Amino acid sequence: MAEAVARMAIEGAKIALKVARDQLKSAIGKLGPDAPVSYPETGYNLPVIYALTGKKVEKLADLEGVLNEAEKLVKEEPTLENALNAGVAALFAGEVIE
C-alpha cells in the first residue's frame with residue numbers, strides 16, 4: 001500500500017512538472033524571459049519556493065532554475081523519502097503554474 005501511494009506521488013509530481021514546464025515555456029514565448037513575476041500591489045512572492053530554497057523569483061527566467069531543481073527531486077524508487085521530495089517538487093510546480 002505504501003509503495004503504491006509513493007508511486008502516485010512521484011507520478012503526480014511528474015505530471016505537475018510537465019504542466020508547469022509547458023506553461024512557463026508559453027509565458028516566456030509571449031512575454032520574454034525578463035518579464036517580471038509579481039502580483040502588483042501585494043507582498044506575495046511565491047512563498048513556497050522562497051521558503052524552501054531561499055531564492056526570490058523576480059522574472060520568468062528564474063523559474064527555469066526552480067523547475068530544474070524540482071525535477072532533480074523526483075526519483076523513481078517508491079520510497080517515503082522520494083514521495084516526500086516529489087511532494088516538494090509538486091508544490092514548486094504549483095507555484096510556477098500559478
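Trainee: So E41 sits in the loop between α1 and α2 (47-53). How do you know what counts as a helix here?

Mentor: Helices are DSSP runs of H or I with at least four residues, strands are E runs of at least two, and numbering starts at the N terminus. Keep in mind that this is a predicted model: local features need pLDDT of at least 70, side-chain atom pairs 80 or more, while totals for chains, interfaces and linings use all residues. Residues count from 1 along each chain as its sequence is written, and side-chain values use heavy atoms, without hydrogens or water.

Trainee: Why is E41 called exposed?

Mentor: Its relative accessible area is 88%. Exposed means over 50%, buried under 20%, and partly exposed in between (1.4 Å probe, protein chains only), so E41 is exposed.

Trainee: And what makes L46, in that α1-α2 loop, buried?

Mentor: L46 has 3% relative accessible area, so it counts as buried. L46 also has a positive phi of about 45 degrees, although it isn't a glycine.

Trainee: Why are α1 and α4 called roughly parallel?

Mentor: Helix α1 (residues 2-31) and helix α4 (residues 80-97) pack at about 25 degrees, axes 8 Å apart. Axes are lines fitted to C-alpha atoms, for helices over the stretch in contact, and angles run from 0 to 180 degrees between N-to-C directions. Under 35 degrees counts as roughly parallel, over 145 as roughly antiparallel, 65 to 115 as roughly perpendicular, the rest as oblique. Therefore α1 is roughly parallel to α4.
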